[in-house]
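Biologist: Please take a close look at the ligand site of this model. Describe what surrounds the bound molecule and how it is held in contact.

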Amino acid sequence: MKPPTPSHSLTRRNFVRAGSALAATALASGLPGTAQAAEAPTAPKPAAPAAPHPLLTPAEKFRDVSRGNPKPHSLKGDALVQARLTPETWRLEITADATPNPAIKEQAGLSTPLTLADGTALDLPTLLKLGERHGVKYLKAMQCLNIPAPLGQGLWEGVPLREVLRLCGQLRNVRRIYYWGFHHHDPKQLFQSSVSYSQAMETAPGELPAFLAYRLNGEPISLVRGGPVRMVIPWAHGFKSIKWLQRIVVTNDYRANDTYAEQNNDPEAPLKTAAYLDNLPAKIPAGQPVHLNGLVISGLSGLKRVEYSLSRADAKADAPEHWTATQLEAPPADWSAVLPAGVSSRQILGFNPQTGQPATWPLRYSMVSWSASLKGLAPGKYSVRARAVDLNDFAQPEPRPIQKSGRNSLETREFEVV
Ligand SMILES: Nc1nc2c(c(=O)[nH]1)N[C@H]1C(S)=C(S)[C@@H](COP(=O)(O)O)O[C@H]1N2
Ligand SMILES: [Mo]
């Protein structure tokens with residue numbers, strides 16, 4: 001891999017760590033039975049393992065988390081047209097919540113509702129036109145609050161929710177915005193999510209906005225990924241990023257009414273910084289380096305480093321753990337080789353628009369690969385764990401060991417050196 005172009009704001013200290021130093025620290029950690037002299041300076045360098053995870057996950061390679069019977073993305077032909085899930089038939093309605101609600105004093109209102117009934121519902125050409133002026137692009141990892149593996153990462157493109165809500169004129173008494181997608185008009189299949197008014201309307205400098213996405217990795221969003229239009233909430237777990245978006249409702253109810261909350265999940269938990277460990281071969285011949293690889297998501301609290309801890313399977317349960325830093329994937333030297341044709345990194349939020357280099361690394365709410373090579377392990381059974389350390393120096397699973405606000409328990413892999 002070529003070294004990245006240095007950028008003024010990017011510290012290379014975090015990801016450039018010599019592989020040999022890594023291996024040496026692994027072995028100097030006092031593990032019984034490990035050879036201490038594996039790193040002879042003349043030893044031939046083993047080929048570096050290929051980056052196991054591309055920065056952009058092909059749309060069809062995302063892990064899928066879809067409800068629906070049948071799943072909306074299985075519809076074809078006329079059923080798809082009836083569902084209004086083709087580019088020509090897609091419509092978005094935006095209305096104010098009129099349900100009687102003892103929790104609120106006054107109902108929300110908007111001066112210009114967009115409805116199917118009066119022919120004002122938003123269509124795709126109008127949204128794309130809005131995108132010509134207000135469209136933004138960013139990289140974001142999709143991750144389910146409940147699944148111990150990232151679902152995928154994409155370059156998402158769309159129009160901020162705040163710009164779409166501006167089409168509705170004056171909003172009154174609005175404290176929350178909730179939304180859902182096509183669900184066969186069956187209340188039992190409704191999968192709904194929500195954001196606060198401020199989260200929708202006010203994006204802090206350098207932050208990524210909630211948006212209505214219509215492109216993924218340079219292509220229209222496929223049906224299986226939630227197209228034609230999907231809500232994408234960059235700071236949140238996947239359940240906020242509603243697929244097959246068709247309806248937005250503004251409400252004066254201040255409470256999060258996400259379907260996920262009813263299923264014992266924290267509906268306000270932002271994306272958690274967490275490392276994920278790839279599977280390892282069950283048996284590895286002695287003398288061969290053991291390549292540890294995985295992914296790490298940089299969540300709300302950012303990422304300082306990923307560490308691993310190796311122990312012998314026969315180690316005492318109370319044996320001290322030694323955590324060793326791994327190497328983080330560096331930013332690509334040539335972004336044009338990674339991004340879809342015609343997309344410059346200068347246009348992407350989170351990048352310096354002058355240099356085209358990422359302003360932070362990893363980018364906020366994105367994921368990168370990490371790796372480490374373990375050398376000179378004596379034959380025997382081992383177990384290895386990985387954890388992320390955030391920018392506040394909290395090591396995973398802290399500060400949020402509560403599974404319902406983002407699953408982030410440490411992963412363990414076992415292998416045997418034979
Ligand atoms: N309409 C709709 N949107 C949805 C879901 C769903 O079931 N229906 N699942 C959500 C959940 S829980 C997750 S984790 C993500 C998964 O996104 P993906 O299938 O594109 O990977 O989609 C979210 N959006
Ligand atoms: Mo999810």
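Modeller: A polar contact is here a pair of N or O atoms within 3.5 Å. This is a predicted model, and every distance that follows is computed from its coordinates. With that cut-off, the backbone of Arg-67 qualifies, because one of its polar atoms is 2.8 Å from an oxygen atom of ligand 1. Two side chains also reach ligand 1: a polar side-chain atom of Arg-230 lies 2.8 Å from an oxygen atom of the ligand, and an N or O atom in the side chain of Lys-243 is 2.5 Å from a ligand oxygen. On its own, ligand 1 has 530 Å² of accessible area, of which the protein covers 99%. The location accords with this cover, as ligand 1 sits in the largest cavity.

The wider surroundings comprise 18 residues, and those that come nearest are Arg-63, Arg-67, Arg-225, Arg-230 and Lys-243. By class, the shell around ligand 1 is made up of six charged, three polar and nine nonpolar residues.

For context elsewhere in the chain, an open sheet is formed by four strands in the order β13-β15-β19-β18, with antiparallel pairing. Strands β13 (274-277) and β18 (327-328) stand at its edges; each has a single partner strand, so one side of each is left without a neighbour in the sheet. Between them in the order, β15 (residues 290-297) and β19 (residues 367-374) pair over eight bridges in the antiparallel sense. Within this pairing, Asn-293 stands opposite Ser-371 in β19.

Conventions:
Residues are numbered from 1 along each chain as its sequence is written. Chains are lettered from A and ligands numbered from 1 in the order in which they are written. This is a predicted model: local features need pLDDT of at least 70, side-chain atom pairs count only at pLDDT 80 or more; totals for chains, interfaces and linings use all residues. Side-chain values use heavy atoms; hydrogens and water are left out. A residue is near a molecule or strand if one of its heavy atoms lies within 4 Å of it. A polar contact is a pair of N or O atoms within 3.5 Å; within protein, one must be able to donate a hydrogen and the other to accept it, and residues adjacent in sequence count only if both atoms are side-chain atoms. Accessible areas come from the Shrake-Rupley method with a 1.4 Å probe; for residues, only the protein chains shown count as cover. On a 1 Å grid over the protein atoms alone, a cavity is a set of points where a 1.4 Å probe fits but cannot get out, and a pocket is an open set with protein on both sides within 12 Å along at least five of seven lines; lining residues have an atom within 4 Å of a point. A molecule sits in a cavity or pocket if more than half of its atoms lie within 2 Å of its grid points. Ala, Val, Leu, Ile, Met, Phe, Trp, Tyr, Cys and Pro count as nonpolar, Asp, Glu, Lys and Arg as charged, and the others, Gly among them, as polar. Two strands pair if DSSP finds at least two bridges between them. Helices (H or I, at least four residues) and strands (E, at least two) are DSSP runs, numbered from the N terminus.
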